[in-house]
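Here is a short guided tour for anyone meeting this structure for the first time. Please keep the sequence and the 3D view open as you read.

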Protein chains: 2
Amino acid sequence: MAHLAHNHTAEDCVELVTIFQSLSKEDTKTVASLVSDKHYQSGEYIYQAGNSADALTIVAHGQAKVFQIATNGKEQMLRILQTGDFDGEAALFSNKDRTSFAQALMDTDVCQIKRSDFQKLMKTSPELAVNMVNAFGQRIVQLEQQTTEAATSSIESRLASYLLETSAGLKKEQFELPLKKKDIATYLGTTPETISRKLSSLAKDELIEKKSNTLIKILDADGLAMVE
Amino acid sequence: MAHLAHNHTAEDCVELVTIFQSLSKEDTKTVASLVSDKHYQSGEYIYQAGNSADALTIVAHGQAKVFQIATNGKEQMLRILQTGDFDGEAALFSNKDRTSFAQALMDTDVCQIKRSDFQKLMKTSPELAVNMVNAFGQRIVQLEQQTTEAATSSIESRLASYLLETSAGLKKEQFELPLKKKDIATYLGTTPETISRKLSSLAKDELIEKKSNTLIKILDADGLAMVE
DNA sequence: CGATGACTTGAGCACAGTCAAGTGCAGTGG
DNA sequence: CCACTGCACTTGACTGTGCTCAAGTCATCG
């Protein structure tokens with residue numbers, strides 16, 4: 001299945017990803033022809049630290065987590081890739097090894113473009129290059145905010161923000177937590193025990209309601225935003 | 001002085017900055033003609049949050065700190081701009097307002113290129129665009145590491161890493177701290193008091209020597225790297 | 001020489017991490 | 001159909017890191 005030009009998933013990828021939007025029809029075709037696609041089952045690794053980072057990875061369908069292992073062995077989640085998201089910061093600028101892991105959280109289709117192909121493409125399509133710079137810029141702003149929030153806010157506040165973001169992303173006030181508590185914990189730089197306690201605390205303050213173990217309803221969004 | 005093409009500082013900027021290296025001679029001239037330069041005294045703000053972010057900022061000579069103010073009012077340092085560094089993640093990809101501040105830490109010369117000029121330039125010079133993507137990629141990797149380290153390591157460990165990085169950057173085992181303790185504190189997400197205590201602690205363990213208030217000598221680099 | 005700001009040191013406290021025991025649920029096999 | 005295993009999660013008790021507040025020292029500069 002992989003490496004077939006113009007197959008269904010490859011076209012999906014090209015259509016899905018913001019950096020490829022606003023490209024000429026011709027460019028779009030070229031991109032599709034360079035894309036290879038692959039399927040991963042829940043729990044499988046899409047790539048691992050130490051792999052040579054030689055491809056841009058696009059999630060065509062599914063969900064994956066990207067994380068690093070700190071020197072002390074602790075896991076730190078960097079981001080969740082949803083359908084349409086892509087990853088390849090490191091992949092595209094050097095021959096260096098990857099420093100992070102990506103793991104499928106459900107059955108997931110991804111597309112990949114080789115670094116060398118992509119760099120060639122950028123040189124011939126200024127549109128694409130500009131889109132790429134813009135996408136990276138947004139990612140940098142988002143990372144800076146994550147860093148700032150992690151360093152200056154309490155866990156409870158970060159958890160509240162996380163719930164608001166998740167709710168906004170799904171456009172629902174009531175939703176299933178898309179991650180295991182363990183994963184939420186590493187995302188927020190804390191432990192599952194603390195997540196559990198803080199969720200109870202937020203529920204006690206009537207800011208959220210715990211419908212079930214994984215089903216959360218937001219009762220007071222403004223209140224959540226003001227958690228210190 | 002500002003807005004004069006081909007002036008001395010403008011050429012400095014173009015030569016200094018990695019993203020402009022490996023450009024054709026012609027492109028280099030074009031860049032230089034688009035650059036405006038400005039001088040800031042120690043303590044002056046180069047830009048502030050809320051300003052429209054419409055220019056790429058390059059440090060031609062001097063040093064500046066870039067920081068954000070968290071919602072709870074705490075200051076978080078994002079990075080130090082040294083001679084040759086540039087800043088403009090947000091500046092270059094949208095018309096959005098800035099979310100961060102940049103303040104000169106000494107007398108500092110900066111150059112600026114307007115967002116619109118720069119985007120035009122990228123479309124005509126694929127080389128530049130590729131350089132830009134690569135530079136952003138490196139910044140993203142660095143930010144991800146900063147996030148991971150902040151979330152998973154103790155202050156003492158982060159301080160140790162900071163000292164090692166600073167030492168490596170200056171290529172000296174003995175060096176003046178380039179920042180006030182207050183600034184180091186916000187950089188590492190802590191307080192001046194804690195910095196003071198942890199430095200004493202590292203000195204007691206004979207990993208460093210406090211020659212004076214601001215002069216540090218690294219005694220045991222391997223030991224520092226292993227601080228938990 | 002006094003004033004200002006940077007830094008240090010100390011005491012008390014709170015947030016959140018660790019460790020440990022227990023609960024609930026899903027999947028497996030008898 | 002129920003016991004058993006494994007895993008995610010919860011809850012409790014304890015501890016420690018690092019923050020806050022406050023007082024004191026030191027250095028620089030007018």
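The text below goes from the chains and their core to the DNA strands, and then to a few single residues.

This is a predicted model, in which local features need pLDDT of at least 70, side-chain atom pairs count only at pLDDT 80 or more, and totals for chains, interfaces and linings use all residues. Residues are numbered from 1 along each chain as its sequence is written, chains are lettered from A and ligands numbered from 1 in the order in which they are written, and side-chain values use heavy atoms, with hydrogens and water left out.

**Two protein copies**

Let us begin with how the protein chains relate. A turn of 180° with a shift of 0.0 Å along the axis lays chain B on chain A, with an RMSD of 0.1 Å. The two copies are thus related as by a two-fold rotation axis. For this comparison the copies are superposed by least squares on the C-alpha atoms of residues with pLDDT of at least 70 in both. Since 100% of the interface residues of chain B are also interface residues in chain A, the copies meet through the same surface.

**The core**

The largest nonpolar core has 56 residues, and Phe20(A) and Phe20(B) have the most contacts inside it. Such a core is a set of buried Ala, Val, Leu, Ile, Met, Phe, Trp, Tyr and Cys residues joined through side-chain atoms within 4.5 Å. Buried means under 20% relative accessible area, exposed over 50%, and partly exposed in between, using a 1.4 Å probe and protein chains only. In soluble globular proteins, nonpolar side chains tend to be buried together.

Which residues does Phe20(A) touch, leaving aside its neighbours within four places in sequence? They are Cys13(A), Val14(A), Val31(A), Ile58(A), Ile113(A), Phe118(A) and Leu128(A), where contact means heavy atoms within 4.5 Å.

**Meeting the DNA**

Now for the DNA. A residue is near a strand if one of its heavy atoms lies within 4 Å of it. There are 18 residues around DNA strand C, and those that come nearest are Ile155(A), Thr190(A), Thr194(A), Ser196(B) and Arg197(B). Of the atoms of DNA strand C that come within 4 Å of the protein, 67% belong to sugar and phosphate.

DNA strand D also has 18 residues around it, with Ser196(A), Arg197(A), Ile155(B), Thr190(B) and Thr194(B) coming nearest. Here sugar and phosphate make up 68% of the atoms of DNA strand D within 4 Å of the protein.

The table gives polar contacts between protein and DNA; a polar contact is a pair of N or O atoms within 3.5 Å, and within protein one must be able to donate a hydrogen and the other to accept it, while residues adjacent in sequence count only if both atoms are side-chain atoms.

| Protein atom | DNA atom | Distance |
|---|---|---|
| Ile155(A), polar backbone atom | strand C, phosphate oxygen | 2.8 Å |
| Thr194(A), side-chain N or O atom | strand C, phosphate oxygen | 2.7 Å |
| Arg197(B), polar side-chain atom | strand C, base nitrogen | 2.9 Å |
| Thr190(B), side-chain N or O atom | strand D, phosphate oxygen | 2.7 Å |
| Thr194(B), side-chain N or O atom | strand D, phosphate oxygen | 2.4 Å |
| Arg197(B), polar side-chain atom | strand D, base oxygen | 3.0 Å |

By class, the surface near DNA strand C has one nonpolar, eight polar and nine charged residues. The surface near DNA strand D likewise divides into one nonpolar, eight polar and nine charged. In this count Ala, Val, Leu, Ile, Met, Phe, Trp, Tyr, Cys and Pro are nonpolar, Asp, Glu, Lys and Arg are charged, and the others, Gly among them, are polar.

**Some single residues**

Elements named here are DSSP runs numbered from the N terminus: helices (H or I, at least four residues) and strands (E, at least two). Ser157(B) sits in helix α5 (residues 155-170) of chain B and is buried, with a relative accessible area of 11%.

Glu176(B) belongs to strand β9 (residues 174-176) of chain B. At 47% relative accessibility, Glu176(B) is partly exposed. A polar contact of 2.8 Å links the side chains of Glu176(B) and Thr214(B).

Lys171(A) lies in the loop between α5 (155-170) and β9 (174-176) of chain A. Lys171(A) is exposed, at 75% relative accessibility, and has a positive phi of about 55° although it is not a glycine.
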